[in-house]
Amino acid sequence: MARKTDTFEDDGRTIADMGDVRRPSLLLPRRDREREAPVPTPSRDFSDELQSSEERVMVILGVLKAALSIGMVYIVGFGIAIAFMLWLWT
């Protein structure tokens, strides 16, 4: 039986420095304030995008339409599944 030899040699390169990674505490989770990443600020202010009340109403109706259509797909899918199961078992 042939013996497998390990030919791996470490060339000393560092892919990612893991020296600053600490194990999180499970009992008392806390944030390290000095190591906390800064909160990125948006480059554009989106509050001025919708200026008229008509635009706001159209956006609200569009979101409502999208949510109701997704909900309707689930309701129709469950209805077809229930109808198939009733047809199969009766």
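**Figure 1. Trp89 in helix α1 of the predicted model.** Trp89 lies in helix α1, which spans residues 53-89. The model shown is predicted. The residue is classed as exposed because its relative accessible area is 65%, above the 50% cut-off for that class. The secondary structure of the protein consists of one helix and zero strands.

**Figure 2. A nonpolar patch on the surface that includes Trp89.** The patch is formed by Ile70, Tyr74, Phe78, Ile82, Phe84, Met85, Leu86, Trp87, Leu88 and Trp89. Together, these residues present about 1,200 Å² of accessible area. Trp89, with a relative accessible area of 65%, meets the requirement of over 30% for patch members.

**Figure 3. The salt bridge between Arg13 and Asp11.** Side chains of opposite charge can pair when their charged atoms come close. In this view, the side chains of Arg13 and Asp11 meet at 2.6 Å, N to O. This distance qualifies as a salt bridge because the limit is 4 Å. A search of the whole structure finds one salt bridge. Arg13 is exposed, with a relative accessible area of 68%, whereas Asp11 is partly exposed, at 49%. Asp11 is assigned to the intermediate class because its value falls between the 20% and 50% cut-offs.

**Figure 4. Surface exposure of the whole protein.** The protein has 90 residues, of which 0% count as buried. Its exposed surface amounts to about 10,000 Å². Carbon and sulfur atoms supply 62% of that area.

Conventions
Residues are numbered from 1 along each chain as its sequence is written. This is a predicted model: local features need pLDDT of at least 70, side-chain atom pairs count only at pLDDT 80 or more; totals for chains, interfaces and linings use all residues. Side-chain values use heavy atoms; hydrogens and water are left out. Patches are made of residues with over 30% relative accessible area and no salt bridge: like charges are joined within 9 Å, nonpolar side chains (Val, Leu, Ile, Met, Phe, Trp, Tyr) within 5 Å. Accessible areas come from the Shrake-Rupley method with a 1.4 Å probe; for residues, only the protein chains shown count as cover. Helices (H or I, at least four residues) and strands (E, at least two) are DSSP runs, numbered from the N terminus. Buried means under 20% relative accessible area, exposed over 50%, partly exposed in between (1.4 Å probe, protein chains only).
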